[in-house]
Amino acid sequence: MSTDFKSLPKAEIHIHLEGCFSTETIVELARENGTPLPRPEERLLEFQGLADFLRFLDFICGLSRSKDQLARSAYAFSRRMADSGVGYADVIVNPTHWSGWRGNLSGLVEGLDEGFRAAEADGLPPVGLCVSLLRQQSCVEAVALVEELLRLKHPRVVALSVDGNEAASGRTGEKFAEAFQIAGRGGLGRTAHAGESSGPEGVRDAIFLLGADRIDHGVRAIEDPALVEILADRQIALGVCPSSNLVLGLYRTLGEHPIELLRRAGVPVSVNTDDPALLRTDLAAEYARTADAFAWDKETCRGVAETSIRASFAPDALKTSLL
Ligand code: ADE
Ligand code: ZN
């Protein structure tokens with residue numbers, strides 16, 4: 001396939017800043033802090049499923065304690081986006097992982113914003129911040145986070161998100177419905193992890209209880225044909241991350257991955273990386289791999305990339321310029 005995936009106009013709409021630390025950066029930050037690594041460097045990126053992976057995120061993010069460290073990781077993120085030819089990125093940041101910033105949401109947002117602004121000034125792509133709840137948080141914590149976001153009114157923050165492990169938390173749609181409703185009324189976008197560690201019921205809850213504008217993963221919707229029809233009818237986009245689903249044990253091979261069945265059923269699917277540094281991938285490679293597995297032609301690749309731009313929380317003028 002001759003398509004040059006780096007030059008394909010596209011957005012990255014499902015990526016966690018927590019998953020963008022390279023091994024070298026983790027080792028460097030651990031040294032700066034005098035913190036021992038949880039396992040030897042050569043086995044640092046070996047994960048035993050999602051729960052183990054999420055614990056590792058707590059470890060890495062706990063190493064960023066100064067504003068300068070935050071700004072550096074934001075800048076490095078924008079550089080990573082440019083390297084894959086991304087025109088705009090929505091990045092998920094979950095404050096619960098960043099233990100050094102507990103109780104200081106504005107400090108966390110300001111520190112990251114400093115790095116994103118410096119990156120944009122250097123010609124790197126613009127970034128919107130999706131601040132995320134963790135599935136295990138309470139309704140009270142969720143509402144408090146959203147109210148604080150709305151008080152901050154920081155232009156960097158474009159959306160509310162929820163991530164984490166639904167297999168450990170059970171169904172949480174009801175618990176988070178109020179927070180998502182307040183976020184929507186306050187003008188924030190809404191995105192939710194579902195249909196990864198939850199089955200199709202998680203995707204239904206994200207649509208009907210959280211009012212999600214798009215779904216992060218969402219791939220297990222394939223297990224419920226009526227739900228696939230709903231996603232297609234309402235044109236609710238999925239932020240699909242094929243390699244992540246393989247590494248974290250959802251499917252054994254790319255050939256078994258449901259992205260193609262969903263796309264053929266009319267669901268707007270996009271290709272994304274989730275946690276590229278930790279899962280050792282990048283967006284251009286992810287497009288190449290997926291296109292190869294399903295023999296996508298140029299037009300199909302363009303369509304998927306266009307979906308990523310349309311489903312992003314970028315300002316309309318920027319979307320138009322990228323399309
Ligand atoms: N946080 C970072 N990566 C995640 C994933 N794949 N699922 C849920 N939460 C996450
Ligand atoms: Zn994710």
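Where is Val140 found? I looked it up in this predicted model, and Val140 is found in helix 5.

**Entry: helix 5 and its residues**

I counted neighbours for Val140 and got 11 other C-beta atoms within 10 Å, so I logged Val140 as exposed. The cut-off for exposed is 12 or fewer. I also checked Val140 against Leu210, which is 70 residues away along the chain. Their C-alpha atoms are separated by 16 Å.

Glu147 has its place in helix 5 as well. Buried, exposed or in between for Glu147? I found 14 other C-beta atoms within 10 Å, so Glu147 goes down as partly exposed. I then looked at Ala183, which is 36 residues from Glu147 in sequence. C-alpha to C-alpha, Glu147 and Ala183 are 8.1 Å apart in space.

**Entry: strand 3 and what it pairs with**

I went to strand 3 (residues 127–134) next. How many of its 8 residues are buried? I noted 7 of the 8, so strand 3 is largely enclosed by the rest of the structure.

On one pairing, strand 3 goes with strand 2 in the parallel sense, over 5 bridges. There I found Val93 opposite Val131 of strand 3. On another pairing, strand 3 goes with strand 4 (residues 157–163), again parallel, over 6 bridges. I picked out Cys130 here, and its bridge partner in strand 4 is Ala159. The chain gets from strand 3 to strand 4 through helix 5 (residues 139–152), and I logged this β-α-β crossover as right-handed.

**Entry: strands 6, 7 and 8**

I checked which way the residues of strand 7 (residues 237–240) point. Ala237 and Gly239 point one way, while Leu238 and Val240 point the other way. I noted all of them as buried. The general rule fits here: in a regular strand the side chains alternate between the two faces of the sheet.

Strand 6 (residues 214–217) runs parallel to strand 7, and 3 bridges join them. Which residue stands opposite Gly239? I found Asp216 there. I followed the chain between these strands too: strand 6, helix 9 (residues 225–234) and strand 7 make a β-α-β unit, which is right-handed.

I then looked at strand 8, which pairs with strand 7 in the parallel sense over 3 bridges. Val240 stands opposite Val271 of strand 8.

**Entry: Asp274 and the ligand shell**

I kept going past strand 8 and stopped at Asp274, in the loop between strand 8 and helix 12 (276–279). Its phi caught my eye: Asp274 is not a glycine, yet phi is positive, about 70 degrees. For context, most residues other than glycine have a negative phi. I counted 29 other C-beta atoms within 10 Å of Asp274, so I put Asp274 down as buried.

Asp274 also turned up when I listed the residues around ligand 1. Others on that list include His16, Glu18, Asp163, His193, Glu196 and Asp275. I sorted the shell by type and got 1 nonpolar, 5 polar and 5 charged residues.

**Entry: helix 13 and the loop after it**

Which residues of helix 13 (residues 283–293) are buried? I found Leu283, Glu286, Tyr287, Thr290 and Ala291. They cover an arc of only 125 degrees around the axis, which puts them on the same side of helix 13. This goes with the usual helix geometry: at 3.6 residues a turn, residues three or four places apart point the same way.

I asked what covers these buried residues. Among the elements I noted are strand 1 (10–12), strand 2 (86–93), helix 10 (242–247), helix 11 (259–264), strand 8 (269–271) and helix 14 (298–310).

Ala295 follows helix 13, in the loop between helix 13 and helix 14. I read its phi as near 50 degrees, a positive value in a residue other than glycine. Ala295 has 9 C-beta neighbours inside 10 Å, so I logged it as exposed.

**Entry: Glu260**

I finished with Glu260, which is found in helix 11. I counted 17 other C-beta atoms within 10 Å, so Glu260 is partly exposed. I checked the distance to Trp296, which is 36 residues from Glu260 in sequence. Glu260 and Trp296 are 9.4 Å apart in space, C-alpha to C-alpha.

Terms used
Residues numbered from 1 in each chain as written. Chains lettered and ligands numbered in written order. Predicted model: local features only at pLDDT ≥ 70, side-chain atom pairs only at ≥ 80, totals over all residues. Buried ≥ 20, exposed ≤ 12 C-beta atoms within 10 Å, placed from the backbone. Helix = DSSP H or I, 4+ residues; strand = E, 2+ residues; numbered from the N terminus. Arc of directions from axis to C-beta. Contact = placed C-beta atoms within 7 Å. Pairing = 2+ DSSP bridges. Right-handed = clockwise from strand over helix to strand, strands pointing away. Near = placed C-beta within 6 Å. Nonpolar A, V, L, I, M, F, W, Y, C, P; charged D, E, K, R; others polar.
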